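Colleague: I am new to this structure and would like to learn how to read it feature by feature. Could you take me through it slowly, giving the idea before the case?

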Amino acid sequence: MVRQRKDLLKIIILGDSNVGKTSLMNRYHSGKYTGQYKATIGADFLSKEITHPEDPSRQVSLQIWDTAGQERFQSLGVAFYRGADACLLVYDVTDATSFEKLSNWKTEFLKHVDNSQGDFPFVVMGNKADKLTQTVSRGTPLERVLDWCSENMNADLGMQNFGQQSYNPSSVGSMNMSLQSHQQSRRAPIPHFDTSAATNQGVEEAFETVTKLALERNRLLMRHMFIAPPPRMVNLQDSSQNYGGQGGGEQCC
Ligand code: GDP
Ligand code: MG
């Protein structure tokens, strides 16, 4: 029997109240939309098992975290953010204010997660796209939204840091290759999807994209952990080097 490896990802849905976060989560999780979801669903997250997007022999377990209504008070607990792997930023395409607030949500989010490599993945969902008709237009023009996504692009993974820490010559080539390709992909704008929890438009695509970005980030972080810094050479004969003592080589101990 082939043993399946499993990845666990914590995906967070953020955005103003009433933009459709809970509806999107339920739509993706159970394929349903009732149009009657209350602000609180009584659970912090829903889990969904999916096949790994690039390896059918593996499973990925998604934990999708919803705000359960607390976003009204802007007081989401530490546990909500802890261990997040990626973030879906949701606004209502007919509501300009909800789009303007995305910068706040993003900034607030980054205060709580480890973004030391500057690589935290985001995906933007412009929800309620089904409401757009000839008479109902976008609250914010799509061009402006896409500009914001470009200005806020998912940053690279700190090529310099990785480079300095790579000392195993056989690993450096492949490491740099993967980082370069990673950098290029991460230098793309934040992906944007018009979505509708009501009609299912764009929902699968947005979740699949955020899953791929989170898996890619985790893969690179795992590699990063296994690359040790270069050993520091100490020449005991050389009295000109100061290793921390106060007056040169004689006081090194
Ligand atoms: P949340 O506060 O962000 O979690 O938003 P909810 O999921 O509770 O949805 C708020 C309201 O918007 C509800 O009345 C939903 O039925 C409605 N809604 C959510 N998604 C959509 C959508 O895609 N299209 C339309 N037309 N209404 C939606
Ligand atoms: Mg909700």
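Modeller: Let us begin with a helix and its two sides, keeping in mind that this is a predicted model. On one side of helix 4, the residues N104, T107 and K111 are exposed, whereas L102, W105 and F109 of helix 4 are buried. These three buried residues cover an arc of only 60° around the axis, which puts them on the same side of helix 4.

Colleague: Where does the chain go after helix 4, and what is the place of G118 there?

Modeller: G118 lies in the loop that leads from helix 4 (102–112) to strand 5 (122–127). A residue with 12 or fewer other C-beta atoms within 10 Å is called exposed, and G118 counts as exposed because it has 12 C-beta neighbours inside 10 Å. Distance along the sequence and distance in space are separate matters, as G118 and N154 show, being 36 residues apart in sequence and 7.9 Å apart in space, C-alpha to C-alpha.

Colleague: How should I read a strand, and which residues of strand 4 lie on one side and which on the other?

Modeller: In a regular strand the side chains alternate between the two faces of the sheet. In strand 4, A86, L88, V90 and D92 are on one side and C87, L89 and Y91 on the other, and all of them are buried, so that both faces are covered. Since 7 of the 7 residues of strand 4 are buried, this strand is largely enclosed by the rest of the structure. Strand 4 runs parallel to strand 5, and 6 bridges join the two; L88, for instance, has V123 as its bridge partner in strand 5.

Colleague: Which residues touch the most other members of the largest nonpolar core?

Modeller: They are I11 and L88, in a core of 42 residues. Among the elements that give two or more residues to this core are strand 1 (6–15), strand 4 (86–92), helix 4 and strand 5, while helix 8 gives the most, with 7 residues. If one leaves aside the neighbours within four places in sequence, the contacts of I11 include L62, I64, W65, L88, V210 and A214.

Colleague: What does a backbone angle such as phi tell me, and what is phi of N18?

Modeller: Most residues other than glycine have a negative phi. Phi of N18 is near 80°, a positive value in a residue other than glycine, and N200 likewise has a positive phi near 80°. N18 is found in the loop between strand 1 and helix 1, and N200 in the loop between strand 6 (192–194) and helix 8. N18 is partly exposed, with 15 other C-beta atoms within 10 Å, and for N200 the count is 15 as well, so N200 is also partly exposed.

Colleague: How many residues surround ligand 1, and which are the closest?

Modeller: The shell around ligand 1 has 17 residues, of which the closest are G20, K21, T22, S23 and A198. Helix 1 (residues 21–30) supplies the largest share of this shell, 3 residues, and by character the shell divides into 5 nonpolar, 8 polar and 4 charged residues.

Colleague: Finally, how many helices and strands does the chain have?

Modeller: The chain has 8 helices and 6 strands, which follow the pattern β-α-β-β-α-β-α-α-β-α-α-α-β-α along the sequence. Of its 253 residues, 31% count as buried. Among contacts between residues at least 6 apart in sequence, 74% join residues at least 24 apart.

Methods: Residues are numbered from 1 along each chain as its sequence is written. Chains are lettered from A and ligands numbered from 1 in the order in which they are written. This is a predicted model: local features need pLDDT of at least 70, side-chain atom pairs count only at pLDDT 80 or more; totals for chains, interfaces and linings use all residues. Helices (H or I, at least four residues) and strands (E, at least two) are DSSP runs, numbered from the N terminus. A residue is buried if 20 or more other C-beta atoms lie within 10 Å of its own, exposed if 12 or fewer, and partly exposed in between; C-beta atoms are placed from the backbone. A residue is near a molecule or strand if its C-beta atom, placed from the backbone, lies within 6 Å of it. Ala, Val, Leu, Ile, Met, Phe, Trp, Tyr, Cys and Pro count as nonpolar, Asp, Glu, Lys and Arg as charged, and the others, Gly among them, as polar. The arc is that of the directions from the helix axis to the C-beta atoms. A nonpolar core is a set of buried Ala, Val, Leu, Ile, Met, Phe, Trp, Tyr and Cys residues joined through C-beta atoms within 7 Å. Two residues are in contact if their C-beta atoms, placed from the backbone, lie within 7 Å. Two strands pair if DSSP finds at least two bridges between them.
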